[in-house]
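User: I have a chain to go through by questions and answers. Please keep each answer short and end on the value or name asked for.

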Amino acid sequence: MMSNHSSVTEFCLLGFSGSQELHHILFAVFFLFYSVTIIGNMVIIVTVSVDKRLQSPMYFFLGHLSALEIMITSLIVPVMLWGLLFLYLALGTTEFALVGAMAVDRYVAVCNTLRYNTIMNSRTCISVVIWSWVFGFLSEIWPVYATFQFTFCKSNVLDHFFCDRGQLLKLSCDDTLFTEFVLFLMAVFIIIGSLAPRIVSYTYLISTILTIPTASGRRKAFSTCASHFTFVVIGYGSCLFLYMKPKQTQAAEYSKIVSLLISVLTPLLNPFIFTLRNDKVKQALRDGVKRGYQLLKD
């Protein structure tokens, strides 16, 4: 038994309950998902970097988004408690900011086509990416610091598959009410603050698309925006259920399921959402495969 004056410094992750056979199946499934996620997002990064036809703001942001997905899904398997908790939350916040920039980019491309190159120039794109990364990391400094100021004396068993902050707070023997409320307000600011302009952007975007005279033009515009919308629905839907609660210490099984959507499903779907629905990227991939095959023949 631990005394009330001792504090836990190391935690044991329970992961998923079930038999050894189930664990083997889950290992195979998640290893497959992880492999596809890494390969798919790496393909996007390389293709965007080497193909001159993809040197535009949307693909510039997409390359950084793929890099974030690789890091987020790779950080779920915890090796160091402090570092992983900070990086996972910081990268998630950065992703919110970056996806917001991508939504604005699509709005400018459709609603201000003639001024697109002037507004979304290289300087603007680089500034947006830098500020997204800086905001993501700075916004998580206090939450991580505050979390580890608590004394964890109830147990050292964490009922999760990574170092989830809500489950950590459940193990604290201190009063966490004020910290949880501040974390809730920060979640509102980050999630709703980035979602609101996105909704406005999509509203203007859809209204502009509906004014396109030809059916093929409307179809093409909707196809481009549908991928972003799908990504936003999955990512924001999961985070709204997981973090938009005054009480951060939700049930472990509930937290595990929703966390899987954020950490496994979203990074897995990213290559398919942004490549299989995009003619330019598909053509660039086909050309890249042809060049590689030709080099192998020579």
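User: Which element gives the largest share of the nonpolar patch?

Analyst: In this predicted model, local features need pLDDT of at least 70 and side-chain atom pairs count only at 80 or more, while totals for chains, interfaces and linings use all residues. Residues are numbered from 1 along each chain as its sequence is written, and side-chain values use heavy atoms, without hydrogens and water. The patch (nonpolar side chains of Val, Leu, Ile, Met, Phe, Trp or Tyr joined within 5 Å, each residue with over 30% relative accessible area and no salt bridge; Shrake-Rupley areas, 1.4 Å probe) is made by Ile126, Ile130, Trp131, Val134, Leu138 and Ile141 and covers about 620 Å². The largest share, 5 residues, comes from α5.

User: What is the highest mean pLDDT among the elements of the chain?

Analyst: The mean pLDDT (the predictor's confidence in each residue, from 0 to 100) of the chain is 78, and 84% of its residues reach 70 or more. Over residues 1-5 the pLDDT is below 50, and residues 77-84 also stay under 50. Strand β1 (residues 12-13) has the lowest mean among the elements, 68. The highest belongs to helix α5 (residues 122-138), at 88.

User: How many helices and strands are in the chain?

Analyst: Helices (DSSP runs of H or I, at least four residues) and strands (runs of E, at least two) are numbered from the N terminus. Along the sequence their pattern is β-α-α-α-α-α-α-β-α-α-α-α-α. The chain thus has 11 helices and 2 strands.

User: How far apart are the end C-alpha atoms of residues 181-200?

Analyst: For residues 125-145, the span is 90% helix and 0% strand, with its end C-alpha atoms 31 Å apart. Residues 181-200 are 100% helix and 0% strand. Their end C-alpha atoms lie apart by 28 Å.

User: Is Thr266 buried or exposed?

Analyst: Thr266 lies in helix α10 (residues 252-275). Beyond four places in sequence, its contacts (heavy atoms within 4.5 Å) are Glu69, Glu95, Phe231, Ile234, Gly235 and Leu261. With a relative accessible area of 4% (under 20% is buried, over 50% exposed, partly exposed in between; 1.4 Å probe, protein chains only), Thr266 is buried.

User: Which residues are joined into one network by salt bridges that share partners?

Analyst: The structure holds 3 salt bridges (a side-chain nitrogen of Lys or Arg within 4 Å of a carboxyl oxygen of Asp or Glu). Arg53 pairs with Asp51 at 2.9 Å, N to O, and with Asp287 at 2.6 Å. Asp287 is in helix α11 (residues 279-297) and Arg53 in the loop between α1 (20-50) and α2 (57-74), so this pair ties together parts 234 residues apart in sequence. Joined by shared partners, the network is Asp51, Arg53 and Asp287.

User: What is the relative accessible area of Arg53?

Analyst: Both acids that pair with Arg53 count as buried: Asp51 is at 5% relative accessibility and Asp287 at 16%. Arg53 is partly exposed, with a value of 44%.

User: Which residue meets Arg165 in a salt bridge?

Analyst: Arg165 lies in helix α7 (residues 165-170), and its partner is in the loop between α5 and α6 (141-147), so the pair ties together parts 25 residues apart in sequence. Arg165 counts as buried at 11% relative accessibility, and the partner is buried at 6%. The N to O distance is 3.5 Å, and the partner is Glu140.

Technical notes
Patch = residues over 30% accessible without salt bridge, like charges linked within 9 Å, V, L, I, M, F, W, Y side chains within 5 Å.
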